[in-house]
Amino acid sequence: VDPERIVATTVEFVDIAGLVKGASTGEGLGNQFLAHIRETAAIVHVVRCFDNADIIRHECSHDPVSDIETVDLELILADIEMLRRRQDKAEKNAKSGDKKFKKEAEVLGRLIEWMDGGRSARSFEADEEECEIIAASDLLTNKPIIYAANLDEDGFSAGAENNAYYRQVKALEDAEGSRVLPVCARFEQEIAELEDFVARNKARV
């Protein structure tokens, strides 16, 4: 392939504040945040993988997996609420004898039962037809997810695999088909500030 023009891919990131317990029922600004997440194509979940007494965690959580479970539960509860509304509608339409709505109600019922066990829509096994039915619901827990494991400077320099918190998050990769990316937000911040400093000083020369 030798195109005349190369167009770079553009990715837009929407920064959404962390969800707290009860977000699915409107705690904090939960409903607003959930609406923003619903508009995205994928989720990048930033989780802290280092200890810092100056940073307060909600619900007295002390590890990234607990933080992930809190967010996942709120997303699951929001999805179940949406699925139940859609299932009710499909059941009403199925009374006309339309097999399409009968199939939809049956698939959604099985998915709701699966998610009631605290599991995401991503981990639900379905065939091609069932996947199309589920995809039409635009579920939060059916979106691809990347866990950005945020390490401190020492942990990042020593290698992510040597960080116990990172290994906990990495274990989720095989369990749910997600991806884990080790990052150091502190390094990124310092690099960004350095670039701004250089740019300002070039302008003065």
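Is D138 buried, partly exposed or exposed? In this predicted model, D138 is partly exposed, with a relative accessible area of 36%. The residue belongs to the loop between α4 and β2, the latter spanning 145–150. Its backbone deserves a second look as well: phi of D138 is near 50 degrees, a positive value in a residue other than glycine.

With that residue as a starting point, the overall layout can be laid out. The chain comprises 7 helices and 3 strands. Read from the N terminus on, the elements follow the order α-β-α-α-α-β-α-α-β-α. The chain has 205 residues, and 33% of them count as buried. Contacts across the sequence can be described too: among contacts in the chain with a separation of 6 or more, 66% involve residues 24 or more positions apart.

Two helix pairs show how elements of the chain meet. The first to be described here is formed by helix α2, residues 64–94, and helix α6, residues 164–176. Their axes are 8 Å apart, and the helices pack at an angle of about 45 degrees. This angle falls outside the ranges for roughly parallel, roughly antiparallel and roughly perpendicular, so α2 and α6 are oblique to each other. On the α2 side, the contact involves P64, V65, I68 and D72, which meet Y165, Q168, V169, L172 and E176 in α6. Sorted by class, the residues of this contact are 6 nonpolar, 1 polar and 2 charged.

The other pair consists of α3 and α4. Here the packing angle is about 80 degrees, and the axes are 10 Å apart. Angles of 65 to 115 degrees count as roughly perpendicular, and α3 is therefore roughly perpendicular to α4. From α3, the residues K103, E104, V107, L108, R110 and L111 take part in the contact, while α4 contributes E129, E130, I133 and I134. The contact of α3 with α4 contains 5 nonpolar and 5 charged residues, with no polar ones.

One of these residues, E130 in helix α4, can be followed in greater detail. Is E130 buried or exposed? With a relative accessibility of 8%, E130 counts as buried. Neighbours within four places in sequence aside, E130 is in contact with K103, V107, R110 and E125. Among these partners, K103, V107 and R110 also appear on the α3 side of the contact between the two helices.

The loop between α3 and α4 offers further points of interest, and A126 is found there. A126 is partly exposed, with a relative accessible area of 29%. Beyond residues up to four places away in sequence, A126 touches C131 and I134. A126 can also be placed relative to L111: the two are 15 residues apart in sequence, and their C-alpha atoms are 9.4 Å apart in space.

Aromatic rings come next. Which residues form the aromatic pair? The structure holds 1 aromatic pair, formed by W114 and F124. The geometry is edge-to-face, with 6.1 Å centre to centre and 65 degrees between the planes. W114 sits in helix α3, residues 99–115, and F124 in the loop between α3 and α4 (128–135), so the pair links parts of the chain that are 10 residues apart. The two partners can be set side by side in terms of exposure: W114 is partly exposed at a relative accessible area of 25%, whereas F124, at 12% relative accessibility, counts as buried.

Arginine side chains also lie over aromatic rings. R119 lies over the face of W114, at 3.9 Å from the ring centre. In another such arrangement, R48 lies over the face of F50, at 5.3 Å from the ring centre.

Finally, V180 gives a view of strand β3, which covers residues 179–183. V180 is buried, with a relative accessible area of 12%. Leaving out residues up to four places away in sequence, V180 touches Y147, A149, Y166, V169, K170 and E173. For V169, a distance can be given: V180 and V169 are 11 residues apart in sequence and 7.2 Å apart in space, C-alpha to C-alpha. V169 has already appeared in the account of the helices, as one of the α6 residues that meet α2.

Conventions:
Residues are numbered from 1 along each chain as its sequence is written. This is a predicted model: local features need pLDDT of at least 70, side-chain atom pairs count only at pLDDT 80 or more; totals for chains, interfaces and linings use all residues. Side-chain values use heavy atoms; hydrogens and water are left out. Axes are lines fitted to C-alpha atoms, for helices over the stretch in contact, and angles run from 0 to 180 degrees between N-to-C directions. Helices (H or I, at least four residues) and strands (E, at least two) are DSSP runs, numbered from the N terminus. Angles under 35 degrees count as roughly parallel, over 145 as roughly antiparallel, 65 to 115 as roughly perpendicular and the rest as oblique. Contact means heavy atoms within 4.5 Å. Ala, Val, Leu, Ile, Met, Phe, Trp, Tyr, Cys and Pro count as nonpolar, Asp, Glu, Lys and Arg as charged, and the others, Gly among them, as polar. Rings of Phe, Tyr and Trp (its six-membered ring) pair if their centres lie within 6.5 Å; planes under 30 degrees apart count as stacked, over 60 as edge-to-face and the rest as tilted. Buried means under 20% relative accessible area, exposed over 50%, partly exposed in between (1.4 Å probe, protein chains only). A charge sits over a ring if NZ of Lys or CZ of Arg is within 6 Å of the ring centre and within 35 degrees of the ring normal.
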